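Let's take a walk through this model together, starting with its charged pairs and ending with its nonpolar interior.

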Amino acid sequence: FEEALARALNYNLDKRAKVMEHALALKQMNLDEYALLPSLVANGGYSDRSDFSASNSKERGDGPGPTSGFSYSSDRTIFKGDLTLSWNMLDFGLSYFNSRQNADRSLIVNERRRKVVHNLIKEVQFVYWRMVAAQKLSDRVEVTVKRAEQALYDAEMVEKEKLKKPSQILDFQKRLLQNITKLETVNQQLSTAQVELAALINVPPGTRFRVQE
């Protein structure tokens, strides 16, 4: 039973889907926590020219003309850099509440996963012991059904030959038919146990196997 349970938990697709849901919810929660951090923006620039940006000047009015000397206020090659750190309180508040909501969703998904595992364990228990019963009872049930059908045939012969009262024969046939119906229902439930267990523990269809009590 322990091996069957381990295989069912390992191969069951529903359980894997819930685990994936949980992993996605945790990743989303981590992303929301990163959104709480401030924004950092860096800019850089570079400019270069072949000659200096030089100029000369003269005084206003009728003063002397410009001198022969030139002046410049910047280098030929210039590097510029800028680093900006910003933190929007509104974005922080929204990100904080989104993070809390996703944390709650993560707990909900984890609880769903636990519920799926719990239901799977119960299902394996039910099908496993049904297969144990099938291994023990299927042959006996089939023999009993055949004996009941033979008894029904004999009762019809007694009815035709009028060896007993009609009311007694009819009551006997009614009880036989009810028992045959119950036995066939039990036999059908037992016969599907192996198929259901094989699907749960990922055994290829058509593979014959037995379980230990």
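A salt bridge here is a side-chain nitrogen of Lys or Arg within 4 Å of a carboxyl oxygen of Asp or Glu. Please keep in mind that this is a predicted model.

**Salt bridges**

With that criterion, a search of the whole structure turns up 3 salt bridges. Here they are side by side.

| Pair | N to O distance | Placement |
|---|---|---|
| Arg130 and Glu196 | 3.3 Å | helix α3 and helix α5, 66 residues apart |
| Glu213 and Lys136 | 2.9 Å | segment after α5 and helix α3, 77 residues apart |
| Arg175 and Asp171 | 3.3 Å | helix α4, 4 residues apart |

Take the pair of Arg130 and Glu196, whose side chains meet at 3.3 Å. It links distant parts of the chain, with Arg130 in helix α3 and Glu196 in helix α5. Is Arg130 buried or exposed? Arg130 has a relative accessible area of 15%, so it counts as buried. Its partner Glu196 is partly exposed, at 35% relative accessibility.

The bridge between Glu213 and Lys136 also joins distant parts of the chain, from the segment after α5 to helix α3. Glu213 is exposed because its relative accessible area is 65%, over the 50% cut-off. Lys136, at 49% relative accessibility, counts as partly exposed.

The pair of Arg175 and Asp171 lies within helix α4, which covers residues 166–191. Because these two residues are 4 apart in that helix, about one helical turn separates them. An α-helix has 3.6 residues a turn, so residues three or four places apart point the same way. Both partners are partly exposed: Arg175 has 41% relative accessibility, and Asp171 has 39%.

**The nonpolar cores**

Which residues have the most contacts inside the largest nonpolar core? They are Leu197, Ile201, Phe209 and Val211, in a core of 17 residues. The elements giving two or more residues to this core are α1 (2–11), α3 (89–161) and α5. Of these, α3 supplies the largest share, with 6 residues.

Leu197 makes a good place to look around. Leaving aside residues up to four places away in sequence, Leu197 touches Val127, Tyr128, Met131, Phe209 and Val211. There is also a second, separate core of 5 residues, which includes Ala134, Val141, Leu183 and Leu190.

**The two sides of α1**

Helix α1 is worth a look from its own axis. Ala4, Leu5 and Ala8 are buried in α1. These three cover an arc of only 100 degrees around the axis, so they sit on the same side of α1. What lies on the other side of α1? There, Glu2 and Glu3 are exposed.

**A backbone detail after α5**

One last stop is Asn202, in the segment after α5 (193–200). The phi of Asn202 is near 65 degrees, a positive value in a residue other than glycine. Most residues other than glycine have a negative phi. As for its surroundings, Asn202 is partly exposed, at 42% relative accessibility.

How values were computed
Residues are numbered from 1 along each chain as its sequence is written. This is a predicted model: local features need pLDDT of at least 70, side-chain atom pairs count only at pLDDT 80 or more; totals for chains, interfaces and linings use all residues. Side-chain values use heavy atoms; hydrogens and water are left out. Buried means under 20% relative accessible area, exposed over 50%, partly exposed in between (1.4 Å probe, protein chains only). A nonpolar core is a set of buried Ala, Val, Leu, Ile, Met, Phe, Trp, Tyr and Cys residues joined through side-chain atoms within 4.5 Å. Contact means heavy atoms within 4.5 Å. The arc is that of the directions from the helix axis to the C-beta atoms.
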